[in-house]
Amino acid sequence: DCKVDLAFLMDGSWSIGKRRFKIQKDFLTEVAQTINAGVAGPMMGIIQYDDPVTEISLKTHSSSRELKAAIDKIVQKGGLSNVGKALHYINKHYFSDANGNRGGAPNVAVILVDGWPTDKVEEASRLARESGINIFFVTIEGPDDNEKQNLVEANFVDKAVCRTNGFFSLPVNSWFALRKAVQPLVKRVCDTDRLVCSKTCLNANDIAFVIDGSSSVGTGNFRTVLQFVANITREFEISDTDTRVGAVQYTYEQRLEFAFGQYNNKAELLNAIKRINYWSGGTSTGAAITYAAEQLFSKSKPNKRKIMIVITDGRSYDDVRAPALAVHRQVIAYSIGIAWAAQDELEYIATDPDKEHSFFVDEFDNLYKFVPKIIHNICQEFNSQPRN
């Protein structure tokens with residue numbers, strides 16, 4: 001029950017020697033069998049570095065038996081232990097659709113290092129983590145006290161992985177003890193709840209747009225609002241394991257336009273936003289907030305950040321204060337007011353502090369100006385939260 005897209009970076013440097021290179025291959029074969037690699041569960045691929053080269057892409061082999069045969073054929077390439085270079089490679093090239101990346105499964109990279117890296121890893125690791133790749137280090141026979149002065153980057157593991165009390169790092173004191181690391185490593189890479197540490201502000205959310213469809217908006221302005229919704233959505237990484245978006249339109253009544261996870265790629269989602277039909281009617285913003293909480297956030301995943309963006313152009317016919325207070329317990333609420341929207345209601349709807357979560361424009365055509373600010377605030381808030 002371990003659905004991850006898993007890449008191993010195997011150390012092919014000359015310092016490792018033929019015998020230990022063979023031990024590394026046996027270890028990878030055992031991991032493939034233990035996780036039962038295959039299309040239905042975890043998919044597994046292998047890159048060899050110094051000069052990074054894809055030995056096995058994610059989609060090449062559909063069973064652990066096939067993987068074993070492919071691993072047996074891998075030939076040591078030699079070179080240095082340039083882990084930073086290898087991380088740049090997987091971040092740019094490896095987890096792509098063409099290479100078999102599923103999008104709906106977390107990306108995990110396990111780096112095997114003999115001794116220590118011969119280049120810097122901190123920056124390359126940060127970039128990889130920011131694109132959602134979960135990085136594990138298995139360090140074998142790390143530097144002893146005399147060798148530590150030769151390190152290019154002291155404490156390289158701590159700098160490279162999420163700060164999680166050692167969850168993402170497995171030190172192994174000798175190559176002959178590597179087999180003992182199979183079970184603990186497999187257990188960790190399959191613990192998908194812990195993998196959210198590598199999430200970023202752009203791929204960790206469930207975002208609900210609550211869109212005013214009242215008569216005062218009008219067809220042309222409603223299209224402008226949808227463009228604004230699309231512009232915000234475009235900034236996020238969209239997939240079932242990344243950010244998901246849902247939408248509700250309201251007048252006196254409410255209508256679920258689409259639920260979280262209904263559209264799991266960006267192109268489909270942007271299309272769905274464009275296709276929302278203008279409704280026309282009254283303005284019951286309070287009821288719409290309650291409806292979005294029931295229809296969307298009751299089905300949100302526990303490890304997602306919950307964000308509600310309420311867009312309105314007038315005063316509500318019903319109370320917004322009580323519904324807003326109720327959702328603030330689990331949801332970060334933004335209010336976007338246009339034209340005749342009431343300032344006091346915008347402040348009630350918005351999570352505190354209001355100035356970070358509440359925006360007002362006098363004309364629909366000026367909505368686009370707030371897109372960067374909203375994204376900036378969502379990210380700033382995300383980055384200030386302690387994670388693991």
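A disulfide is a pair of cysteine sulfur atoms within 2.5 Å. In general terms, a disulfide is a covalent bond between the sulfur atoms of two cysteines. The model shown above is a predicted one, and the structure holds two disulfides, which can be taken in turn.

One of them is formed by Cys-2 and Cys-190, whose sulfur atoms lie 2.0 Å apart. The link of Cys-2 and Cys-190 is left-handed, with -85 degrees about the S-S bond. Cys-2 sits in the segment before strand E1 (5-11), while Cys-190 belongs to the loop between helix H6 (182-189) and strand E7 (205-212), and therefore this pair ties together parts that are 188 residues apart in sequence. As for their surroundings, Cys-2 has a relative accessibility of 8% and so counts as buried, whereas Cys-190, with a relative accessible area of 21%, is partly exposed; the cut-off that matters here is that buried means under 20% relative accessible area.

The other pair consists of Cys-201 and Cys-379, which form a disulfide with their sulfur atoms 2.0 Å apart. With 75 degrees about the S-S bond, the link of Cys-201 and Cys-379 is right-handed, and it connects distant parts of the chain, since Cys-201 is found in the loop between H6 and E7 and Cys-379 in helix H13 (residues 371-384), 178 residues apart. Both Cys-201 and Cys-379 are buried.

The loop between H6 and E7 thus appears in the account of each link, as it holds Cys-190 and also Cys-201.

Methods
Residues numbered from 1 in each chain as written. Predicted model: local features only at pLDDT ≥ 70, side-chain atom pairs only at ≥ 80, totals over all residues. Heavy atoms only, no water. Helix = DSSP H or I, 4+ residues; strand = E, 2+ residues; numbered from the N terminus. Buried < 20%, exposed > 50% of the residue type's maximum accessible area, 1.4 Å probe, protein only.
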